[in-house]
Amino acid sequence: MVLHRFINTYREANTYVIEVGDDKVVIIDFGDYDLNKFCDWLKDNNKEIAAIFLTHEHSDHCSGLDALFSNFKFELLCSEKCEKNIRDKKQNFSYYIDRTAFELKLPATIVKDGEIISIGDSQFKIMYTPGHSPGGICIFTDNAVFTGDTILNGTKTPLSFPHSSKKDYALSIEKILARLKTGITIYPGHHE
């Protein structure tokens with residue numbers, strides 16, 4: 001798997017870009033990374049966006065999606081609760097932070113817990129992992145898991161948001177631990 005990491009300016013959220021074929025990429029969480037720089041990167045590397053996964057609905061993980069969609073057409077993939085919450089400025093928390101509030105408009109495809117999605121030469125297995133947010137998912141590939149804010153490196157996952165659930169989080173961690181095996185790398189939503 002060829003993987004690229006871009007760090008967003010807002011809250012230093014990670015955007016991951018996975019090459020899934022000669023000219024296609026899958027993106028996990030497109031935050032507020034500089035749109036012009038990102039478009040230039042795609043063009044310079046002869047890449048097209050096949051799909052974008054959202055690990056959850058918080059604004060630092062999705063704020064740039066409408067602008068990106070106005071430049072490229074792609075399929076947005078997320079959980080049902082995430083799809084609902086990205087369209088509400090209070091549920092995506094852009095209303096409460098020191099930035100411009102937004103409600104995403106682009107279309108989205110709902111992914112199901114346990115679903116396996118094939119894109120290019122890669123497969124992505126979806127695991128619902130609510131807790132940090134109601135719409136949280138983790139995305140497994142053969143040798144990696146993209147955890148959004150469910151598992152972070154070097155810091156505790158925030159569970160103090162109005163819609164966070166410590167009970168759901170504990171169950172989600174149990175599910176993830178049962179699926180982890182030697183050789184899987186965890187790619188969190190923040191930090192390395």
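## The largest pocket

The largest pocket here comes in at about 290 Å³. Its lining is made up of 17 residues, and the ones closest to the centre are Arg 11, Asp 60, Asp 149, Phe 161 and His 190. Sorted by class, that lining has 7 nonpolar, 6 polar and 4 charged residues. Keep in mind that this is a predicted model.

## Two nonpolar cores

Now for the packing. The largest nonpolar core holds 23 residues, and Phe 38, Ile 49 and Leu 65 are the members that touch the most others in it. Several elements feed this core with at least two residues each: strands β3 (24-28), β4 (48-53) and β5 (75-78), plus helices α1 (35-44) and α2 (65-71).

Take Phe 38 as an example. Setting aside residues up to four places away in sequence, Phe 38 touches Phe 6, Val 17, Ile 27, Phe 30, Tyr 33, Ile 49 and Leu 68. Apart from the largest core there is another one, of 17 residues, including Val 20, Leu 77, Ala 144 and Phe 146.

## A closer look at Thr 15

Thr 15 sits in strand β2, which covers residues 14-19. Is Thr 15 buried or exposed? Its relative accessibility is 0%, so Thr 15 counts as buried, the cut-off being under 20%.

What does the side chain of Thr 15 have for polar company? One of its polar atoms lies 2.6 Å from the backbone oxygen of Asp 29. Asp 29 also turns up among the contacts of Thr 15 once neighbours within four places in sequence are left aside, along with His 4, Arg 5, Phe 6, Asn 8, Ile 27, Ile 28, Phe 30 and Gly 31.

How values were computed
Residues are numbered from 1 along each chain as its sequence is written. This is a predicted model: local features need pLDDT of at least 70, side-chain atom pairs count only at pLDDT 80 or more; totals for chains, interfaces and linings use all residues. Side-chain values use heavy atoms; hydrogens and water are left out. On a 1 Å grid over the protein atoms alone, a cavity is a set of points where a 1.4 Å probe fits but cannot get out, and a pocket is an open set with protein on both sides within 12 Å along at least five of seven lines; lining residues have an atom within 4 Å of a point. Grid points are joined across faces, edges and corners, and a volume is the space filled by probe spheres set on the points. Ala, Val, Leu, Ile, Met, Phe, Trp, Tyr, Cys and Pro count as nonpolar, Asp, Glu, Lys and Arg as charged, and the others, Gly among them, as polar. A nonpolar core is a set of buried Ala, Val, Leu, Ile, Met, Phe, Trp, Tyr and Cys residues joined through side-chain atoms within 4.5 Å. Buried means under 20% relative accessible area, exposed over 50%, partly exposed in between (1.4 Å probe, protein chains only). Helices (H or I, at least four residues) and strands (E, at least two) are DSSP runs, numbered from the N terminus. Contact means heavy atoms within 4.5 Å. A polar contact is a pair of N or O atoms within 3.5 Å; within protein, one must be able to donate a hydrogen and the other to accept it, and residues adjacent in sequence count only if both atoms are side-chain atoms.
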